[in-house]
Amino acid sequence: METAKQEGIVDYAMPMLQAMTSIKAAHNAVLEKSFDDAIEQAYSALAETKLMLTALKEMRELYK
């Protein structure tokens, strides 16, 4: 997976915020008993978390 870069800056924050948004949406979907939507949001949160993890690993290598 490719991380978001902007003029030499590795962006970990956007995937983190997107993951948090998806987790909140999953929680709200569960409260509404929309379990298919909750599962979809959980998968989205996992994907965004993977992007954040990739960015953090890249940052670790850049700033050694």
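Start at the end of the chain: select Lys64 and Glu61, whose side chains meet in a salt bridge at 3.5 Å, N to O. (A salt bridge here is a side-chain nitrogen of Lys or Arg within 4 Å of a carboxyl oxygen of Asp or Glu.) Now add Arg60, which pairs with Glu61 in a salt bridge of 3.9 Å, N to O. Because they share partners, these bridges join Arg60, Glu61 and Lys64 into one network. The structure holds two salt bridges.

A quick word on what you're looking at: this is a predicted model, where local features need pLDDT of at least 70 and side-chain atom pairs count only at pLDDT 80 or more, while totals for chains, interfaces and linings use all residues. Residues are numbered from 1 along each chain as its sequence is written, and side-chain values use heavy atoms, leaving out hydrogens and water.

Are these three residues buried or exposed? Lys64 counts as exposed at 78% relative accessibility, and Arg60 is exposed at 53%. Glu61 is partly exposed, at 47%. (Buried means under 20% relative accessible area, exposed over 50%, and partly exposed in between, with a 1.4 Å probe and protein chains only.)

Next, zoom out and colour by secondary structure. You should find two helices and two strands, in the order β-β-α-α along the sequence. (Helices, H or I with at least four residues, and strands, E with at least two, are DSSP runs numbered from the N terminus.)

Select residues 35-62 and you have helix 2, with 28 residues. From first C-alpha to last, helix 2 reaches 40 Å, close to the 40 Å expected at 1.5 Å a residue. (That expected span is 1.5 Å times one less than the number of residues.)

Which residues of helix 2 are buried? Pick out Ala38, Ala45, Glu48, Met52, Thr54 and Ala55. Show strand 2 (9-11) and helix 1 (13-31) too, as both are included in what covers those buried residues. Across the protein, buried residues make up 20% of the 64 residues.

Last stop: switch on the surface and select Tyr12, Met16, Leu17, Met20 and Leu56, which make a nonpolar patch of about 430 Å². (Patch residues have over 30% relative accessible area and no salt bridge; like charges are joined within 9 Å, and nonpolar side chains, meaning Val, Leu, Ile, Met, Phe, Trp and Tyr, within 5 Å.) Helix 1 gives the most to this patch, with three residues. Click on Met20, which lies in helix 1 and is partly exposed at 49%.

Technical notes
Contact means heavy atoms within 4.5 Å. Accessible areas come from the Shrake-Rupley method with a 1.4 Å probe; for residues, only the protein chains shown count as cover.
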